[in-house]
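Me: Please take a close look at one part of this structure, the surroundings of a single cysteine. After that, please set the part in the context of the remaining chain, with the cut-off of each term you use.

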Amino acid sequence: MPRTQWGSRLGFILASAGATVGLGSIWKFPYVTAMNGGGAFLLVYLAFTFTLGLALLQAELALGRAAGCGAVGAFSRLGSPRWKLLGYGGVLCCFLIFSFYSVVGGWTLGYLLRALDGRVMSDDAGALAALFGQYVGDPAEALLTHALFAGLTLLVVAGGIQKGIERAGKLLMPLLFLLMLALIVRAVTLPGAMAGVAALFRPDFSRLTPGMLVEALGLACFSLSVGAGCMLAYGSYLGPGTRLGNSALWVTGLTALTSVLAGLMIFPAIYAFGLNPQAGPGLTYMVMPVVFNHLPYGQLFATAFFALLLMAALTSAVSLLEVVAILPIDEFGVGRRQATLAVTALAFLAGVPAALSFGPLADCKLFGRTAFELMDYAASNVLLPLGCIGTALFAGRVAWPAVRDELRLSAPAATLMRGACRWLAPLLIGLVLAYNL
């Protein structure tokens, strides 16, 4: 049976950009940048994104199209059956990330509802922290929003490539950029906002440290969704007429642009109101509502902001679930709807301990970590870097002829690309892995 393909190159680019953007660009990038030197970190992050990150993204897309199947089958077809283990590792990584990511997506859904009814509108940071703690600590509501978000993702992926994932990308990505631009316009026109713009773009190279370089490389790989098979799966639906190098550059550019826009959306508003730019992960849920409360039509902006976060979370969750669902579809011939329903149910159950990690299971820890923290650590700090290293070595040493032919590289470009996959990527990402451990 012929494999389903993307309906258009634009649909593929928007769906892939949606997969890479996610909460990583809009939620994680601003606070990580603030905690690592602002403009200097931004420059290093962009340099890694458009070099090593772009090379790995091209390699994954090429492997996917050459094999015409998901990660497990691709590593076996282009290499040997023993390479299947690398594919299974990617599937496990996506399964774990989706399980706890669905919990975070549920929080975003819950905060959208709280923005609609006005509960997030407050000047009191302590009250906002208590609101967040009360919400995530309530097992019934945490599980309900976890289930609702998983269900939304299920509906998109079950619809297939053209009617589900591609259609969602064409709708959500333009809407995402429009919402961001509206918030940016309001943020940069606030009194004192230019201090935030300067903090984002003015590089202070005295802040450069080995740890910051590692953070920038790790964020570049994470934001492009390389190493877990997401882009490999999306590449398997590409027809022979699509130019992979050009498409990968578009996806990388849109991802980097979204990160910069997220910084422009948040940095000016924080500096305008004298808030702590290094508030960490709590920046979104416990600090941004203070900003909205000082804006005209603040509740409207708060609603738009959390709607934006929900859309970003959904586009990334779709790519994670697709990687897991494609395994029973490709390897065992299971129908798409049945496969998607089954893996979503399993992921929801696996995410239950993560959803309860801030309430009833808060004191249940293994290796000093809650279930949520343990799943995040195992996927993001161990499986994802290992997947990047394995994919780079496989592309540069085992399946290089297929990668070279799919990318249609000139001799000089092929030399640089193969060197990045064989030596540079494994070495640098190995440093990230060692640093994380």
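Reply: A residue is termed buried when its relative accessible area is under 20%, exposed when that area is over 50%, and partly exposed in between, with a 1.4 Å probe and protein chains only. The model is predicted: local features require a pLDDT of at least 70 and side-chain atom pairs a pLDDT of 80 or more, while totals for chains, interfaces and linings draw on all residues. Residues are numbered from 1 along each chain as its sequence is written, and side-chain values rest on heavy atoms, with hydrogens and water left out.

The cysteine in question is Cys 230, a residue of helix α10. Helices here are DSSP runs (H or I, at least four residues), numbered from the N terminus. Cys 230 counts as buried because its relative accessibility is 2%. Apart from residues up to four places away in sequence, Cys 230 touches Glu 60, Cys 94, Ser 225, Ser 319, Leu 320 and Val 323; contact is taken as heavy atoms within 4.5 Å. One of these partners, Glu 60, is 170 residues away along the chain, yet its C-alpha atom is separated from that of Cys 230 by 8.4 Å.

Another partner of Cys 230 is Ser 225. Ser 225 is placed in the loop between α9 (210-223) and α10 (230-235). Its phi is near 55°, a positive value in a residue other than glycine. With a relative accessible area of 14%, Ser 225 is buried. Arg 408 also has a phi near 55°, again positive in a residue other than glycine, and it belongs to the loop between α16 (400-407) and α17 (411-436). A further positive phi, of about 65°, is taken by Gly 274 just after α11.

Helix α11 itself (residues 244-272) has 29 residues and reaches 42 Å from first to last C-alpha, close to the 42 Å expected at 1.5 Å a residue; the expected span is 1.5 Å times one less than the number of residues. Because 21 of its 29 residues are buried, α11 is largely enclosed by the rest of the structure.

The interior can be described through its largest nonpolar core, where a core is a set of buried Ala, Val, Leu, Ile, Met, Phe, Trp, Tyr and Cys residues joined through side-chain atoms within 4.5 Å. This core holds 152 residues, of which Ile 26, Trp 107 and Met 265 touch the most other members. Helix α13 supplies its largest share, 21 residues. Beyond neighbours within four places in sequence, Trp 107 is in contact with Phe 132, Tyr 135, Val 136, Thr 145, Tyr 285, Phe 358 and Phe 372. A polar residue may be placed alongside: Ser 380, in helix α15 (residues 371-398), is buried at 15% relative accessibility. Setting aside neighbours within four places in sequence, Ser 380 is in contact with Phe 100, Phe 222 and Pro 385.

Charged pairs come next. The whole structure contains 6 salt bridges, each being a side-chain nitrogen of Lys or Arg within 4 Å of a carboxyl oxygen of Asp or Glu. One of them joins Arg 114 and Glu 141 at 3.0 Å, N to O. This pair links distant parts of the chain, 27 residues apart, with Arg 114 in helix α4 (residues 84-116) and Glu 141 in helix α6 (residues 139-158). Arg 114 is buried at 3%, whereas Glu 141 is partly exposed at 24%. Another salt bridge, at 2.9 Å, N to O, is made by the side chains of Arg 336 and Glu 322. Since Arg 336 lies in helix α14 (residues 336-355) and Glu 322 in helix α13 (residues 298-332), the pair ties together parts 14 residues apart in sequence. Both of these residues are buried. The loop between α13 and α14 contains Gly 333, which is exposed at 62%.

At the surface, Leu 43, Phe 205, Leu 208 and Leu 213 make a nonpolar patch of about 350 Å². Patch members have over 30% relative accessible area and no salt bridge, with like charges joined within 9 Å and nonpolar side chains (Val, Leu, Ile, Met, Phe, Trp, Tyr) within 5 Å. Leu 43, in helix α2 (residues 39-67), is partly exposed at 42%.

Conventions
Areas by Shrake-Rupley, 256 points an atom, 1.4 Å probe, with all protein chains shown as cover. Helix = DSSP H or I, 4+ residues; strand = E, 2+ residues; numbered from the N terminus.
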